[in-house]
Amino acid sequence: MALTREQMAQRVAQELKDGFYVNLGIGIPTLVANYVPEGIDVMLQSENGLLGMGRFPTEEEVDPDMINAGKQTVTARPGAAIFDSAESFAMIRGGHVDLTVLGAFEVDQEGNIASWMVPGKLIKGMGGAMDLVAGAENIICTMTHASKHGESKLLEKCSLPLTGAGCINRVLTDLAYLEIENGAFILKERAPGVSVEEIVEKTAGKLIVPDHVPEMSFD
């Protein structure tokens, strides 16, 4: 079975380390805020100017003025700071974010990412993704392994306009967790019940498959 959006967020949350400053992009990455492991202290950053983002609010906690970069209502944890977007991007461009989690349309075996534009379709703008992939060395990309038509999104070479070049080193899809090294995807884990054969079939880029590929585990 492919991972749900919530399970993908849970798996990403396993990569959080105590003391990390983490930027969560729009979509699946925002859900990571709900799954921060107990016993570790991380500061979640939203590029519109919130450092110390908490979990999503209950109906009673909703504050329409407290939103993330995707315009979703959020909470702020104790010790949070609110500032303007220019200061937020200075933090990102200055390399002060320990981990960035963002979505993508395509990723290729060279670590290139396309996440902001599909030619011919209406777009709101490039957003902050270009700054994030340029300013962070530790990036996890979350995405579906294939399109709704079954076409692979893990490619030999991206076909869409790039957001960044050679910047992605880890990819979590609904089927697998992979790392990118030396021009290839390396299969590290597979979703529970998903076969290696299915992952191979749906990966268009160069894929290295170790002798043993463990299933992901969720506590």
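These legends go with close-up views of a predicted model.

**View A. Ten strands make an open sheet.**
Follow the strands in order: β4-β3-β2-β1-β5-β8-β10-β11-β12-β13. The pairing in this sheet is mixed. Which strands sit at the edges? They are β4, residues 76-82, and β13, residues 207-208. Each of these two pairs on one side only.

**View B. Helix α2 packs on the ten-stranded sheet.**
The helix spans residues 85-93. Three strands are touched by α2: β1 (21-24), β2 (43-46) and β3 (50-53). Compare the direction of the helix with that of β2. The two directions make an angle of about 120 degrees.

**View C. Strands β10 and β11 run antiparallel.**
Strand β10 covers residues 170-173, and strand β11 covers residues 176-181. How many bridges join them? There are 3. Look for Val171, which stands opposite Leu178 in β11.

**View D. Arg77 and Asp41 form a salt bridge.**
Their side chains meet at 2.6 Å, N to O. Why does this pair tie together separate parts of the chain? Arg77 lies in strand β4, while Asp41 lies in the loop between β1 and β2, so the salt bridge links parts that are 36 residues apart in sequence. The structure holds 8 salt bridges, this pair among them.

**View E. Three strands make another open sheet.**
The order here is β7-β6-β9, again with mixed pairing. Strands β7 (113-114) and β9 (154-155) are the edges, and each pairs on one side only. Strand β6, residues 106-108, runs antiparallel to β7. The two are joined by 2 bridges. Find Glu106 in this view: Ala114 in β7 stands opposite.

**View F. The largest pocket has a volume of about 850 Å³.**
Its lining is made of 25 residues. Which of them are closest to the centre? They are Ile26, Ser115, Trp116, Gly125 and Met126. Two elements give two or more residues each to the lining: β5 (99-103) and α3 (129-135). Sort the lining by class, and you get 14 nonpolar, 7 polar and 4 charged residues.

**View G. The second largest pocket has a volume of about 360 Å³.**
Residues from several stretches of the chain line this pocket, including Phe105, Glu106, Val118 and Lys121. Further along come Ser147, Lys148, His149, Glu151, Ser152 and Lys153, and also Leu155 and Leu160. By class, this lining has 4 nonpolar, 3 polar and 5 charged residues. Glu106 also appears in View E, where this residue stands opposite Ala114.

**View H. A search of the whole structure finds 1 cavity of 30 Å³ or more.**
This cavity has a volume of about 30 Å³. Which residues line the cavity? They are Leu24, Gly25, Ile26, Thr30, Ser46, Asn68, Ala69 and Gly70. The lining divides into 3 nonpolar and 5 polar residues, with no charged ones. Look again at Ile26: this residue lines the cavity and is also among the residues closest to the centre of the largest pocket.

How values were computed: Residues are numbered from 1 along each chain as its sequence is written. This is a predicted model: local features need pLDDT of at least 70, side-chain atom pairs count only at pLDDT 80 or more; totals for chains, interfaces and linings use all residues. Side-chain values use heavy atoms; hydrogens and water are left out. On a 1 Å grid over the protein atoms alone, a cavity is a set of points where a 1.4 Å probe fits but cannot get out, and a pocket is an open set with protein on both sides within 12 Å along at least five of seven lines; lining residues have an atom within 4 Å of a point. Grid points are joined across faces, edges and corners, and a volume is the space filled by probe spheres set on the points. Helices (H or I, at least four residues) and strands (E, at least two) are DSSP runs, numbered from the N terminus. Ala, Val, Leu, Ile, Met, Phe, Trp, Tyr, Cys and Pro count as nonpolar, Asp, Glu, Lys and Arg as charged, and the others, Gly among them, as polar. Two strands pair if DSSP finds at least two bridges between them. Contact means heavy atoms within 4.5 Å. Axes are lines fitted to C-alpha atoms, for helices over the stretch in contact, and angles run from 0 to 180 degrees between N-to-C directions. A salt bridge is a side-chain nitrogen of Lys or Arg within 4 Å of a carboxyl oxygen of Asp or Glu.
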